[in-house]
Amino acid sequence: MDQLTSMERVLLTLKGEETDRIPVCSLAIGVARQMTGASFPAFSTDSEVAAEAMLYANRMVGDDIFLCFTDLSVEAADFGQEIVYPTNTTAHPNYENPLIKEPSDYGRLQRVAPSSGKRMGAYLDVCSKLVQKVGQEQPVLGFVYGPLGVLGMMRGMEKLYMDVLEHPDAVKEGLEIVTDVLVQFVKDQYSRGVAGVCVDTLPASRSGVAPDAWEEFEGIYAAKLASAIGESGILLAHHGCGYSPYFKEVKKHINPAVFSFADLAEGCASFDELKQTYGRDATLMGYVPTELLYVGTPMEVVRECVRQINLLGKGGKFILAPSCEYPPNTSLQNARAMVTAAQFFDRFNAEFAEDERKAA
Amino acid sequence: MSDLLEQFKRMIVEKNRAEVCALLPELPKNHSLDEIYRQAVYPAMNEVRDLFKARKVGVPELLLSLDLVRQSIDGLSQGSASGRNDRHVILGVIEGDVHDMGKNIVHAMYQGYGYRVTDLGKNTPVARFVEVARSEKPDLVGISTMMSTTVDKLKDAIAAIKRESGAKVMVGGAFINREIANRVGADGYADSAATLIEETDSVLAG
């Protein structure tokens, strides 16, 4: 059983040192609201509700890292984007009423103070509450959506992507404004005591723009966030759940200590190569498919976790986590299965190896 | 192929909206619609798809070229050119999901390859899929979702569409993989725009 605290386990893992087991980050975010029966809207907007739900979910699941996150509309909401708060799913922009209706609107965005914003302010309160409750024993990570993603919430990704080609200067005007606000948002998270900040740059993958375009339209802006995080002396994590993520370009611009991912990095032919190329300097965090967490049995999840620990856990610097947010409308059972797989890895590994030997 | 058709094709692939718009009025003066499709639009679609498949372009370039194809088709035929092959597809994003970029790419791909497309938009109720499938008797219904929260609705929709119209159903979207497609009862699954047409051929041949 566990011999280290979560904080000890995670810190040793980041240093590449031996631990009692692989740490787990369940990314159980929206699903956490089930712990208290909270609604999606309350979870997104009420810091008390969100913090309480996340704390109870962590106690139920037993994972090691808190990713303080509610949904992707937080930053855009405070720029003035109208947000829809459905009762049965995650908050999202009203795409029928985008704040950026024309390319000329990018430059009209107003800089806002995150701590005064209704959503970013509430989010910062969630960070404070989690840090106060568990910050000594468990790492609490803040979160910021990347500049291109935030613009996409206010323009619609489809139009934003075409603007990148047809109105690049207008997009860059918007990126400058958004980045200034996000830099302050990161600093405010640090002032709330988070142990690190996770930067999400979804477009840095084949689900987004081409690698050179990512560098031009997000990499150089994300680098400003990385500088602010670095100056604060806290950990920088990166999340990108797209297809074939651009680790090389992300490393060049923000050099994260942790890569949270869903797919093999662009340019890597295998996960061995991924580990060799990126998993020595940085800690890899992934990549249990959310589809499996949704439809799989707990034992199917355990098998996949054991497979991934064998694949990526050698030599440390690996955190077991889903490929993206844990599915918010399913049970927490499979999140718990991930922790169980890590805790009883040796036993499961031996049993599964024996199964394979018999089958052969 | 004439120089005009070659240039038109090249401008779509190179995503040059101004040139495409300038060439559009000239095309019907020199070529039949059939020639324009077969010698310029389809080859342009093939080239764009291959570039995306080979990772030589990203989603923005794909979107822009497809937007130019859509604009060209509308301009050439005042909206009546769809249905150049005899297949009819109904598309929509399932109820509870408002992410429609993937569905819009699929729409443009089908349109560019001459399918007749009925687009029900995003956040489409199961009953609406069923109603339109029953009345229009399409060859295929394509349903998209990005999210895990809509999978139960997806399953309901597929069962009802098959029961009420007999149409084949394909699914796609960020949260879907082939296993989930099988579990919800879909006849097919396309993981990206690059494989859409081949998958569709396979599903409709089956």
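A salt bridge here is a side-chain nitrogen of Lys or Arg within 4 Å of a carboxyl oxygen of Asp or Glu. Keep that in mind for the exercises, and remember that this is a predicted model.

**Exercise 1. Find out how many salt bridges link chain B and chain A, and check one of them against the cut-off.**

Step 1. The count between the two chains is 3.

Step 2. Take the pair A:Glu266 and B:Arg55: their closest N and O atoms sit 2.8 Å apart.

Step 3. The cut-off is 4 Å, so a pair of Arg and Glu at that distance passes.

**Exercise 2. Describe the contact between chain B and chain A: how much area is buried, and which residues of chain B lose the most?**

Step 1. Start with the area. Together the chains bury about 2400 Å², and 60% of that is on carbon and sulfur atoms.

Step 2. Now look at chain B: B:Arg55, B:Pro60 and B:Thr149 lose the most area to chain A, together 25% of what that side buries. You've met B:Arg55 already, as the salt-bridge partner of A:Glu266.

Step 3. Count residues: chain B puts in 30 and chain A puts in 28.

**Exercise 3. Work out which elements of chain B build its side of the interface, and what kinds of residues are there.**

Step 1. Polar contacts come up too: 10 residue pairs across the interface, both partners at pLDDT 80 or more.

Step 2. On the chain B side, the elements giving two or more residues are α5 (59-77), α6 (101-112), α8 (151-165) and α9 (178-183).

Step 3. Of these, α5(B) gives the most, with 7 residues.

Step 4. Sorted by class, that side has 12 nonpolar, 7 polar and 11 charged residues.

**Exercise 4. Classify the ring pair A:Phe271 and A:Tyr287, and say why it ties together separate parts of chain A.**

Step 1. Over all chains there are 14 aromatic pairs.

Step 2. For this one, the ring centres are 4.6 Å apart and the planes meet at 15°, so call it stacked; the limit for stacking is under 30 degrees.

Step 3. A:Phe271 lies in helix α11 (residues 271-278) and A:Tyr287 in strand β8 (residues 283-288), so the pair joins parts 16 residues apart in sequence.

Step 4. Both A:Phe271 and A:Tyr287 are buried. They also belong to one aromatic cluster along with A:Phe247, A:Phe259, A:Phe261 and A:Tyr278.

**Exercise 5. Do the same for B:Tyr37 and B:Tyr42: how are the rings arranged, and are they buried or exposed?**

Step 1. Centre to centre the rings are 5.6 Å apart, with 65° between the planes, which makes the pair edge-to-face.

Step 2. B:Tyr37 is buried, and B:Tyr42 is too.

Technical notes: Residues numbered from 1 in each chain as written. Chains lettered and ligands numbered in written order. Predicted model: local features only at pLDDT ≥ 70, side-chain atom pairs only at ≥ 80, totals over all residues. Heavy atoms only, no water. Contact = heavy atoms within 4.5 Å. Buried area = accessible area lost by both parts, 1.4 Å probe. Polar contact = N/O pair within 3.5 Å; in protein donor to acceptor, adjacent residues only side chain to side chain. Helix = DSSP H or I, 4+ residues; strand = E, 2+ residues; numbered from the N terminus. Nonpolar A, V, L, I, M, F, W, Y, C, P; charged D, E, K, R; others polar. Phe/Tyr/Trp six-rings, centres within 6.5 Å; stacked < 30°, edge-to-face > 60°. Buried < 20%, exposed > 50% of the residue type's maximum accessible area, 1.4 Å probe, protein only.
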